[in-house]
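Dear colleague,

I am passing on the structure we spoke about, and I would be glad if you could look it over when you have time. My notes follow directly after it.

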Amino acid sequence: MGRVVSGLCTAEHRFGTFTFLINETEDAQSYVMFSRMQTRKDAASPGILSEVAAKVTRMGAKEYVSGYPQNGGYDITAFFNDGSQESKSFPVSSSEPFTVDVSPDTVLPGFSKSDIASYTVAMLGGSMQFYVDGTRYVDVWCFRFKNVYDMPETLTATGELKLTGNNESDAAAMYGVQRKFGVKVTDEYTVNSGSIMLQSDYKLWHNMLNAQEVEILVDGEWLPIVITKQKFERSFRRSVLKAVEFSFTMANPEQNNLIGL
């Protein structure tokens, strides 16, 4: 996920046109969109490259949206608490699929009012709606993962983050004293998602816990992690949603001491 930057970036290698030849004569062309799972999206007009169309976001969280430009760019519409709305268009120079940073801290200051209840990002064939949770939390932990389209998707946890210390160093006696050699710290962190407000958020948590690549945002830097355990419950009654809890270790052991608790 190193290709993702703050702002705009293109993704030329996730889509392509395949030409089928018979005796070196073109028979047909097929436009193909990359997806790790079966999808019903139209490759020529996929909309937002995500499995959900709505999610909850919070100030301080990072948000990304990927898709095709419409009318030479993409549109953002803000919906205010008083029932009014305001739209803005943003041009894109490329016609390729792209990823754009639509974090609340990036988007909201550009509108005339600050009391924004939600905002929608529209691209060719679809849109993504972000509901702004104005609750103040002690900590907000932001995670980024590759979704089924290999595009960046994020989630924020508002629950507690706990550290379970562990060390797998070898121990041996030297001059009659036990000492550690080859120090190997394998601390494990356990985080609670906090309140889950939307069905779509629950689906994103499920996708993240099973994603191929996951990262955590620490002091403005994305650090790769490995999810080791997961615990989540869900009631079949649609009105009941429970929190998700999972444990992870740092993918790079040298980064174990970089998360401040």
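Below is what was found, beginning with the chain as a whole and then turning to one sheet and one helix.

Please keep in mind throughout that this is a predicted model. The chain has 261 residues, of which 44% count as buried, and its secondary structure consists of two helices and 19 strands. Its accessible surface comes to about 14200 Å², and carbon and sulfur atoms account for 48% of that area. If one takes the contacts between residues at least 6 apart in sequence, 64% of them join residues at least 24 apart.

As for the sheet, five strands form an open arrangement with mixed pairing, in the order E4-E10-E9-E6-E7. Its edges are strand E4 (54-58) and strand E7 (85-91), each of which pairs on one side only, and neighbouring strands of this sheet are turned against each other by 25° on average, with direction ignored. Strand E6 (residues 73-80) runs antiparallel to E7 and is joined to it by seven bridges; within this pair of strands, Asp75 stands opposite Ser89 in E7.

The helix to look at is H2 (residues 199-209), which is largely enclosed by the rest of the structure because eight of its eleven residues are buried. The buried residues in H2 are Ser200, Asp201, Tyr202, Leu204, Trp205, Asn207, Met208 and Leu209.

With kind regards

Definitions and conventions
Residues are numbered from 1 along each chain as its sequence is written. This is a predicted model: local features need pLDDT of at least 70, side-chain atom pairs count only at pLDDT 80 or more; totals for chains, interfaces and linings use all residues. Side-chain values use heavy atoms; hydrogens and water are left out. Helices (H or I, at least four residues) and strands (E, at least two) are DSSP runs, numbered from the N terminus. Buried means under 20% relative accessible area, exposed over 50%, partly exposed in between (1.4 Å probe, protein chains only). Contact means heavy atoms within 4.5 Å. Accessible areas come from the Shrake-Rupley method with a 1.4 Å probe; for residues, only the protein chains shown count as cover. Two strands pair if DSSP finds at least two bridges between them. Axes are lines fitted to C-alpha atoms, for helices over the stretch in contact, and angles run from 0 to 180 degrees between N-to-C directions.
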